[in-house]
Amino acid sequence: MSTLIIDNASIGRPASYGNAGHIALEQPTPLASQAVLRGALGRLFAVGGALDFRLRDVAAWGPWALRYLRACHPDATRSGARALGLLLAAAGPAWRSLVQDLSAPDLLIEHGHLLVWESAKAAARGRASWAAADTGSVRIRDLSGDERGTLQARVAVPLADGVAFDGTGQIADVSRLLATLDEVHRSRGGERRGGRVVEVREVEGRPHLTLDDGATLTSDLVVIAGGVGSGALMRRAGHVAPVVAERGYHIEGPAGDWGDLPPVVFEDRAMIVTRFADRLRASSFVEFAASGSPADPRKWARLRRHAEALGLPLAKADTTTWMGARPTLPDYLPAIGRSRKIGGLIYAFGHQHLGLTLSAVTGELIGDLALGRTPAIDLSPFDIARFERG
Ligand SMILES: Cc1cc2nc3c(=O)[nH]c(=O)nc-3n(C[C@H](O)[C@H](O)[C@H](O)COP(=O)(O)OP(=O)(O)OC[C@H]3O[C@@H](n4cnc5c(N)ncnc54)[C@H](O)[C@@H]3O)c2cc1C
């Protein structure tokens, strides 16, 4: 198949660049759940947590929130967990096969991740919550003496407790991953052009695109995989697609003497620290806002304060900052499937906090749909038409 990627270059560095690089196979339960809802107040930005709502943008997330509340019904969470669990179970093998195909096996590092607490109280609460959680194929164990010693030697605060997750991993360098994907796509004859798609409609049974520069294109197949930007396109195509921008922030600086530690979650600070080549990235925050609204600099300031308190190497240098949006649907399941409104239209978006983790398996499923093969996973839970009901 000949392929053309159309990407709105003015967005610059999307979530697929700015994420924490964590292959998070330990999170099969969707965040649309009673448990998450119950803990929301304690996680608010105003009381030191990571969760925030930009009140001026209530029109962007208010209707989404009403659907979210409905999706928190225990029956919905249970069926969501079954569906997400199947995707996550296939995500690890899909990643292994993708990095082989890219001839870059070192892009995937399967060294698990660590999670630490700085107070005994937080540790007791955290351990209880992880003990009750479904972590799929991932096993949680106590930190070994070595792991604990190495980690403690790198941070300036005493660590009360911690656990290791076996079976997760990270992408060695997200920027290199994006460059490699692009290079391999081109080397196999794929093309790419800048531009914003403003409309997809059906012309003589085939999808027809209009771009913001007035260009039009007709193709046998079109895949909408535009993160948060997918919502507007899908709605123009006649779908109900309530995707919201769940924005996150990172700061990044030199890795210094961090060593080859796997990603470390500082759970009391709701922050994950990941090494990418010679850089260290600290990421956090779940901010519900309109995707085009200005960033909130208080979030970078708080990340800097955490980095300084922990004595992270990146705190000692000028850091770069980034903000971008996770594309999230109210039930925290992605939308993957074939449109019933427009012939030849396929969609893949709404991968929330797990978009990097699920990208390789989503690619495989889209490949199946494009080639008319039956996908290896039942895609009915991910059908966008689920939002038309009720
Ligand atoms: C702080 C943070 C940390 C994260 N950490 C992790 C993690 O550790 N592990 C994990 O699995 N996930 C993580 N995620 C989630 C993950 O990054 C996202 O789910 C994923 O990147 C979404 O990918 P996407 O391709 O759907 O969207 P994006 O990465 O947003 O890409 C969408 C692309 O579509 C283009 N586009 C949009 N609309 C149009 C249009 N109309 N016309 C043309 N082009 C268009 C944009 O330019 C963009 O390039 C994190 C997210 C954040 C914010």
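This passage describes the nonpolar cores, the surroundings of the ligand and several individual residues in a predicted model.

The largest nonpolar core comprises 47 residues, and within this core the most contacts are made by Leu87, Trp95, Ile171, Leu358 and Val361. Two or more residues each are given to this core by helix 4 (74-101), strand 5 (113-117), helix 5 (120-132), strand 7 (161-166), helix 7 (174-187), strand 16 (271-276), strand 20 (345-349) and helix 10 (359-371). Helix 4 provides the largest share of this core, with eight residues. In soluble globular proteins, nonpolar side chains tend to be buried together. Trp95, listed among the residues with the most contacts inside the largest core, is in contact with Ile23, Leu108, Ile171, Leu177, Leu356, Thr357, Ser359 and Ala360 when neighbours within four places in sequence are left aside. Another core, of 28 residues, lies apart from the largest one and includes Ile251, Trp258, Leu261 and Leu280.

The ligand is surrounded by 31 residues, of which Asp7, Ser16, His22, Gln352 and Thr357 are the closest. By residue type, this shell divides into 12 nonpolar, 16 polar and three charged residues. Strand 1 (4-7), helix 1 (15-18), strand 14 (244-254) and strand 18 (320-328) each contribute at least two residues to the shell, and strand 18 gives the most, with four residues. Backbone atoms of the protein also lie at short listed distances from polar atoms of the ligand: a polar backbone atom of Ala15 is 3.2 Å from a ligand oxygen atom, and a backbone N or O atom of Leu356 is 3.0 Å from an oxygen atom of the ligand. A nitrogen atom of the ligand, in turn, is 2.8 Å from a polar backbone atom of Val197. Of the 1,000 Å² of accessible area that the ligand has on its own, the protein covers 89%.

Thr357 belongs to the residues closest to the ligand and also touches Trp95. Thr357 is placed in the loop between strand 20 and helix 10. With a relative accessible area of 1%, Thr357 lies under the 20% cut-off and is therefore buried. Apart from neighbours within four places in sequence, the contacts of Thr357 are His22, Ile23, Ala24, Leu25, Leu88, Ala91 and Trp95. Of these contacts, His22 is likewise listed among the residues closest to the ligand.

Leu25, a further contact of Thr357, lies in the loop between strand 2 (22-23) and helix 2 (34-39). Leu25 counts as buried because its relative accessibility is 10%. Beyond its neighbours within four places in sequence, Leu25 is in contact with Leu88, Ala91, Gly92, Thr135, Val138, Gly167, Thr168 and Thr357. Leu25 and Gly112 are 87 residues apart along the chain, and their C-alpha atoms are separated by 9.7 Å.

Glu118 occupies the loop between strand 5 and helix 5, two elements that each give two or more residues to the largest core. Its relative accessibility of 21% is the reason why Glu118 counts as partly exposed. The side chains of Glu118 and Arg269 are joined by a polar contact of 2.8 Å. Not counting residues up to four places away in sequence, Glu118 touches Val157, Pro158, Leu159, Ala160, Phe266, Asp268, Arg269 and Leu310. The C-alpha atoms of Glu118 and Glu267 are 8.4 Å apart, with a separation of 149 residues along the chain.

Glu204 is located in the loop between strand 10 (197-203) and strand 11 (206-211). Glu204 has a relative accessible area of 80% and is therefore exposed. Its C-alpha atom is 49 Å from that of Lys299, a residue 95 places away along the chain.

Positive phi values in residues other than glycine occur at Ala277, where phi is near 50°, and at Tyr332, where phi is near 55°. Ala277 is in the loop between strand 16 and strand 17 (279-289), and Tyr332 is in the loop between strand 18 and strand 19 (335-338). Ala277 counts as partly exposed because its relative accessibility is 43%, whereas Tyr332, at 4% relative accessibility, counts as buried.

Key:
Residues numbered from 1 in each chain as written. Predicted model: local features only at pLDDT ≥ 70, side-chain atom pairs only at ≥ 80, totals over all residues. Heavy atoms only, no water. Core = buried A, V, L, I, M, F, W, Y, C linked by side-chain atoms within 4.5 Å. Buried < 20%, exposed > 50% of the residue type's maximum accessible area, 1.4 Å probe, protein only. Contact = heavy atoms within 4.5 Å. Near = heavy atom within 4 Å. Polar contact = N/O pair within 3.5 Å; in protein donor to acceptor, adjacent residues only side chain to side chain. Areas by Shrake-Rupley, 256 points an atom, 1.4 Å probe, with all protein chains shown as cover. Nonpolar A, V, L, I, M, F, W, Y, C, P; charged D, E, K, R; others polar.
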